[in-house]
Amino acid sequence: MGMWASLDAMWEMPAEKRIFGAVLLFSWTVYLWETFLAQRQRRIYKTTTRVPPELGQIMDSETFEKSRLYQLDKSTFSFWSGLYSEIEGTLILLFGGIPYLWRLSGRFCGFAGFGPEYETLGFFMKDAVKKFIVTQCILLPVSSLLLYIIKIGGDYFFIYAWLFTLVVSLVLVTIYADYIAPLFDKFTPLPEGKLKQEIEVMAKSIDFPLTKVYVVEGSKRSSHSNAYFYGFFKNKRIVLFDTLLEEYSVLNKDILEESGMEPRKDGEGDSEEIKAKVKNKKQGCKNEEVLAVLGHELGHWKLGHTVKNIIISQMNSFLCFFLFAVLIGRKELFAAFGFYTSQPTLIGLLIIFQFIFSPYNEVLSFCLTVLSRRFEFQADAFAKKLGKANDLYSALIKLNKDNLGFPVSDRLFSMWHYSHPPLLERLRALESSKRD
């Protein structure tokens, strides 16, 4: 009887108090779920101290241990930063922080960023200033125009707002690589040679309309490796990180110098011990492995994954603006967060998109994660059809090593968080396909 009486009492509370309580309850439920998953994964980091057999030929125990300790440090930081953020957010809501900040500043904006390993403090500071300036140049006019469209759009403002954000996203995708990205990193055309010729041949074999291939100097920002393509219609370009290319990697030159091993033809001079040490510590992939990675990326294009993701994103965007139009007139939503006499549009966007949509966003995020993993397996299979299974197998191990990724994952943690399948799952899928 006591429980049912408590539930009846809750339903008799004013709507704004029920909304506020539901928001807080859901926020803490998600936090506790995320913490539970993180602790499961942390247990994996603590107990898995040996290199998995599948990786023994490429990943040495020193690199594996470095990755394990790195992930342990990250998980410790994530736990405390997550706890702090959750308590801070709860206190802000409980003590009317949003209305206070609104009255204090007249505007409410937020920025968040996390950088990997920067080369120098000066580079970090310069990069941060650039990011701030570029963000302001884009965010302020876009936000202002969006608020203006909502204000003057009438009953169908959600359609105009959606069309506006669609146009903005397409413009940003179009100009980003040519005008925004070069502000932060140096892009140079891939020199003529065997690798470029093989990339062009592979692109032509699947009718990919390649126009240019670039190498981006990502090593100043991070040791992480990547490759991607961009462009619309018949104007596609491929970008390779210098950290992906074994012959471009700055780290490889340093390793050779430290080992005392001079650049020479394979099999000449140096002891087997030194060669093995250098092989395990070298960064990046051989040309054949780079082609396998690109075969995977081009598989996303050939299989329509890019278009499918754009369609899903725009359908979600339209649905969110439609629901926003339905909810923006509900005074109890504003009252739940301390706005009893006014309903500012910007605050409405914050309340509805960040708090009211939270359950929907969590479900959508999980569904997109499942879909993304399915796409990754399909792209791996596409690379296999191009005859790249063996090279992709070794490339995935090398990229995981270079990015200090930990190859062993808790099933629940990876299912909830990983947009890419865990390394060992991908390797097993490729291994089975190689046997086929």
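## A walk around the sheet

Start by selecting the 4 strands that form an open sheet: the order is β1-β2-β4-β3, and the pairing is mixed. Strands here are DSSP runs of E with at least two residues, helices are runs of H or I with at least four, and both are numbered from the N terminus. Two strands pair if DSSP finds at least two bridges between them. You're looking at a predicted model, where local features need pLDDT of at least 70 and side-chain atom pairs count only at pLDDT 80 or more, while totals for chains, interfaces and linings use all residues. Residues are numbered from 1 along each chain as its sequence is written, and side-chain values use heavy atoms, leaving out hydrogens and water.

Back to the sheet. Pick β1 (187–189) and β3 (227–230): these are the edges, each with a single partner strand, so one side of each has no neighbour in the sheet.

Next, select residues 210–216 (β2) and 236–241 (β4), which pair in the parallel sense over 6 bridges. Click on V215 and look across to β4: its bridge partner there is L240.

Now add residues 287–302. This is helix α10, which packs on the sheet and touches β3 and β4; contact means heavy atoms within 4.5 Å. The direction of α10 makes about 40 degrees with that of β3, using axes fitted to C-alpha atoms (for helices over the stretch in contact) and N-to-C angles from 0 to 180 degrees.

Finally, zoom out to the whole chain, with its 17 helices and 4 strands. Of its 436 residues, 38% count as buried, meaning under 20% relative accessible area with a 1.4 Å probe, protein chains only.

Note on methods
Buried means under 20% relative accessible area, exposed over 50%, partly exposed in between (1.4 Å probe, protein chains only).
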